[in-house]
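Grab a pencil and open the viewer. Below are some exercises, each with a solution worked out in small steps.

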Amino acid sequence: MRQINSLKIAEHIRSQFQLDWEGIHGPAHWARVRAIGLELTNSTGADPIVVELFAWFHDARRFNDSYDPEHGSRGAALAAELCGELFTATDVQMALLEEACCGHSNGHLQADVTVQTCWDSDRLDLARVGIIPDPSKLCTEAARSPLLLKRAMERSERWSRWSWDRL
């Protein structure tokens, strides 16, 4: 089995996702978080398996698009349910994924570099909701790179313009 079966993960998440599939916390966001996160791993040395799994699961069990403080832990629980079925991960990777999912909305900066990379990848997509990522709230030096910040903002803004144009 391939380490991560992205198609099966997407199908499973879609079958139970409670928000607008094309909304601000849906798969377009996850794809940008994945792209940014995997790019960051080249500089941070973070575990790319955890970073990719974080992109899929961190918002997968949101109940709404605003205040939902337990959504990260629900996403981590979903990942734990699917581990071994739709992807493989070690106990260490699962512990890092759980920490990343559970803490991604809390504004923390201190953690293992893999967890930091996950958090940065999510924060670098804030322009999709009109928020410019604040470098002082990013965990890694790589995420604070002006070039990476610019690319992440442009990617988010392209989606935001496309999304608003569809209304």
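A residue is called buried when its relative accessible area is under 20%, exposed when it is over 50%, and partly exposed in between. Keep in mind as you work that this is a predicted model.

**Exercise 1. Find out which residues of H6 are buried, and what they pack against.**

Solution.
- Step 1: Start with the overall picture. H6 is mostly covered, with 10 of its 11 residues buried.
- Step 2: Now go through them by name. The buried ones in H6 are Thr114, Val115, Gln116, Thr117, Cys118, Trp119, Asp120, Ser121, Asp122 and Arg123.
- Step 3: Look at the surroundings. H2, H3 and H5 are what the buried residues of H6 pack against.
- Step 4: Check the start of the helix. The N-terminal end of H6 is capped by Asp112, which has a side-chain oxygen 2.7 Å from the backbone nitrogen of Thr114.

**Exercise 2. Explain why helix H3 can be called largely enclosed.**

Solution.
- Step 1: Count first. H3 spans residues 48-57, and 9 of its 10 residues are buried, so the rest of the structure largely encloses this helix.
- Step 2: Put names to that count. Buried in H3 are Ile49, Val50, Val51, Glu52, Leu53, Phe54, Ala55, Trp56 and Phe57.
- Step 3: Ask what does the covering. The cover over these buried residues includes H1 (6-16), H2 (27-44), H4 (71-82), H5 (91-103) and H6 (113-123).
- Step 4: Look for a cap here too. Asp47 caps the N-terminal end of H3, with a side-chain oxygen 2.8 Å from the backbone nitrogen of Ile49.

**Exercise 3. Is Ile4 buried or exposed, and which residues beyond its sequence neighbours is it in contact with?**

Solution.
- Step 1: Locate Ile4 in the segment before H1.
- Step 2: Compare its value with the cut-off. Ile4 has a relative accessible area of 3%, so it is buried.
- Step 3: Skip the neighbours within four places in sequence. Ile4 is then in contact with Ile9, Ile49, Glu52, Leu53, Leu86 and Phe87.
- Step 4: Link this to Exercise 2. Ile49, Glu52 and Leu53 are among the contacts of Ile4, and they are also among the buried residues of H3.

**Exercise 4. Work out how many disulfides the structure holds, and look at Cys101 to see why it has no bond to Cys102.**

Solution.
- Step 1: Recall the chemistry. A disulfide is a covalent bond between the sulfur atoms of two cysteines.
- Step 2: Give the total: the structure holds 0 disulfides.
- Step 3: Check Cys101. Its closest cysteine sulfur is in Cys102, 6.7 Å away, which is too far for a bond. The cut-off for a disulfide is within 2.5 Å.
- Step 4: Add burial. Cys101 is buried, at 1% relative accessible area.
- Step 5: Do the other one. Cys139 is in no disulfide either, since its nearest cysteine sulfur, that of Cys118, is 10.0 Å away. Cys139 is buried too, at 13%.

**Exercise 5. Which side chains does the side chain of Arg128 make polar contacts with?**

Solution.
- Step 1: Find Arg128 in the loop between H6 and H7 (146-166).
- Step 2: Sort out its burial. Arg128 has 7% relative accessibility, so it counts as buried.
- Step 3: Name the partners. One polar contact, of 3.5 Å, joins its side chain to that of His25. Another, also 3.5 Å, goes to the side chain of His29.
- Step 4: Try a residue in that loop for yourself. Ile132 lies between H6 and H7 as well, but at 63% relative accessibility Ile132 counts as exposed.

**Exercise 6. Describe the largest pocket by its volume and its lining, then follow His104 to its partner.**

Solution.
- Step 1: Take the volume, which is about 420 Å³.
- Step 2: Turn to the lining. There are 21 residues in it, and His104, Ser105, Asp122, Arg123 and Leu126 lie nearest the pocket's centre.
- Step 3: Sort the lining by class: 7 nonpolar, 6 polar and 8 charged residues.
- Step 4: Follow His104. Its side chain is joined to that of His71 by a polar contact of 3.0 Å.
- Step 5: Place the partner. His71 sits in H4 and, at 3% relative accessibility, counts as buried.

Note on methods
Residues numbered from 1 in each chain as written. Predicted model: local features only at pLDDT ≥ 70, side-chain atom pairs only at ≥ 80, totals over all residues. Heavy atoms only, no water. Buried < 20%, exposed > 50% of the residue type's maximum accessible area, 1.4 Å probe, protein only. Helix = DSSP H or I, 4+ residues; strand = E, 2+ residues; numbered from the N terminus. Contact = heavy atoms within 4.5 Å. Polar contact = N/O pair within 3.5 Å; in protein donor to acceptor, adjacent residues only side chain to side chain. 1 Å grid on protein atoms, 1.4 Å probe; cavity = no way out; pocket = protein on both sides within 12 Å on 5 of 7 lines; lining within 4 Å. Points joined across faces, edges and corners; volume = space filled by probe spheres on them. Nonpolar A, V, L, I, M, F, W, Y, C, P; charged D, E, K, R; others polar.
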